[in-house]
Amino acid sequence: MSGVLGCWAVVAAALTSTVVPVCGGGGHAPLSGLAAPAVGVLSNATAAEGVSAKRAAGARYVEGSNVLRLASGRWLYLPAGRTESVVVAAGDGRALRQIGQSRAWLASGRIPGRSAAERAAAGRALLAMRALLRPSGAMAAGWSPGWMYAWPRDSSFACAAFAHTGHDEEAFRILRHSAATQRGDGSWEARTKLDGSGPPDGRRWQLDANGWVPWAAWQWYRAAPAEGRRARLEVLYPMIRRAAERAAGSLGADGLPPASPDYWELMTAGPNIGTAAPLLAGFNASADLAREAGRPGDAVRWERAARRLSAGISKRFSPVGYQRTADGRHGRDSAVTFMAPPFNAAPAGLPAALDATYRALLLPNGGLTPGDDPGAPWGATAWTPSTAFFALAWAAGGRPGKARPVLEWVLSKRNALGELPEKVDREGRPVSVAPLAWTGSIVVLALVALEAGGLPAPALRP
């Protein structure tokens with residue numbers, strides 16, 4: 001999970017869970033050692049700058065832009081070619097040009113939402129995601145220390161959100177960056193520096209990226225303009241092949257992948273649903289893309305891997321309600337949603353597991369904790385990605401009545417600038433970094449799904 005909690009691994013003892021540090025190189029800085037997280041973001045075509053809570057007091061974005069109208073009435077923005085913001089008079093010509101460019105970018109795509117309020121939230125999320133996207137295609141999780149890195153998982157969600165809102169160039173740029181940062185063995189680091197030079201520390205790599213990235217490529221391909229997309233798929237195909245082959249080679253005799261840090265960025269002693277479900281989506285996506293690219297042999301091989309993994313999930317995870325680990329000893333996990341559209345076609349029994357997990361993880365403030373594993377230090381703080389997962393799963397799976405209240409809760413926790421935060425405290429206040437690209441992507445996809453009556457998932461072939 002984005003931020004600084006990935007310094008821990010959960011390992012199983014004989015009867016209990018024990019949390020132990022696994023980071024190398026001195027570990028991660030504690031939250032108390034970092035600067036206060038940003039509550040907003042300014043940007044131009046090449047740079048970004050976080051907005052502090054002090055500077056944001058009484059401020060609002062000029063509609064459809066990343067130009068900030070300060071409490072004084074003057075404007076704060078990041079001029080083209082600059083790396084530091086300036087304060088100018090309201091109506092400044094250069095700032096107006098940037099506003100016009102932002103509005104034109106929004107208008108070039110689609111802003112989902114049933115109401116003006118939902119469309120405004122979606123527009124704000126899209127502008128924040130655009131601000132966090134670097135020219136190279138590196139997608140920053142947020143613009144604060146500890147979040148200014150590219151996670152393959154977060155980037156994949158952003159790619160899908162851009163693709164489904166008509167921003168094809170941004171989506172493809174993210175995929176090209178994923179290809180450039182793929183390791184030689186077909187896997188990815190948990191996160192990399194935005195310049196692509198490698199990981200910032202000794203955080204363990206995560207196998208789930210081998211599912212997320214092909215899934216994102218599949219979502220991009222389905223939404224991309226037909227003209228030229230086959231040629232661009234050829235550019236991406238070596239990345240997809242290496243990812244699928246690495247994932248297929250990881251499956252054990254039971255069809256499941258080995259223990260790997262999950263989206264919590266915590267290690268488990270055995271297979272977890274947060275890795276298995278994305279890999280299933282990735283196999284099905286890779287097989288479909290292989291057929292599109294004219295590689296039927298690859299498709300058959302990855303379909304076989306998908307069937308093995310699906311059978312393993314059905315045998316080991318289904319009986320325990322798709323809990324966090326196959327042994328059922330680590331509680332409920334919001335990653336149960338990864339078994340639902342738009343990632344996978346929901347298997348029998350998943351609707352009940354979704355409902356049971358949502359009830360188990362619901363906090364008094366109305367949001368969700370990532371899971372209830374007693375070995376994980378989540379406390380009473382809700383995480384907006386974990387909460388929004390359920391809105392997306394229910395919306396993409398055609399259950400709008402269940403999706404909308406969850407989505408409304410997430411949208412109600414935007415901060416005073418309209419940005420989506422990473423967390424919500426026990427009193428219901430937005431905390432931690434804002435905007436968070438991952439939450440913005442999930443919200444945008446959920447709004448798209450509600451408009452469309454669902455979202456597609458790569459299918460498992462019999």
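## Gly166 and helix α4

Let's start at Gly166, which has a positive phi of about 85° and comes just after helix α4. Bear in mind as you read that this is a predicted model.

Helix α4 itself covers residues 152-164, a run of 13 residues. From its first C-alpha to its last, α4 reaches 18 Å, close to the 18 Å expected at 1.5 Å a residue. How many residues of α4 are buried? The count is 13 of the 13, so the helix is largely enclosed by the rest of the structure. Here, buried means under 20% relative accessible area.

## The β3-β4 hairpin

Next, look at strand β3 (residues 40-43) and strand β4 (residues 48-51). These two run antiparallel and are joined by 4 bridges. The connection from β3 to β4 is a hairpin of 4 residues. To find your way across the pair, try Gly40, which stands opposite Val51 in β4.

Strands of a sheet pair through backbone hydrogen bonds, either parallel or antiparallel.

## An open sheet of 3 strands

Further along, you can find an open sheet made of 3 strands, with antiparallel pairing and the order β11-β12-β13. Which strands stand at the edges? They are β11 (382-383) and β13 (430-431); each has a single partner strand, so one side of each is left without a neighbour in the sheet.

Strand β12 takes in residues 423-424, and 2 bridges pair it with β13 in the antiparallel sense. A handy place to look is Lys423, which stands opposite Val431 in β13.

Terms used. Residues numbered from 1 in each chain as written. Predicted model: local features only at pLDDT ≥ 70, side-chain atom pairs only at ≥ 80, totals over all residues. Heavy atoms only, no water. Expected span 1.5 Å × (residues − 1). Buried < 20%, exposed > 50% of the residue type's maximum accessible area, 1.4 Å probe, protein only. Pairing = 2+ DSSP bridges.
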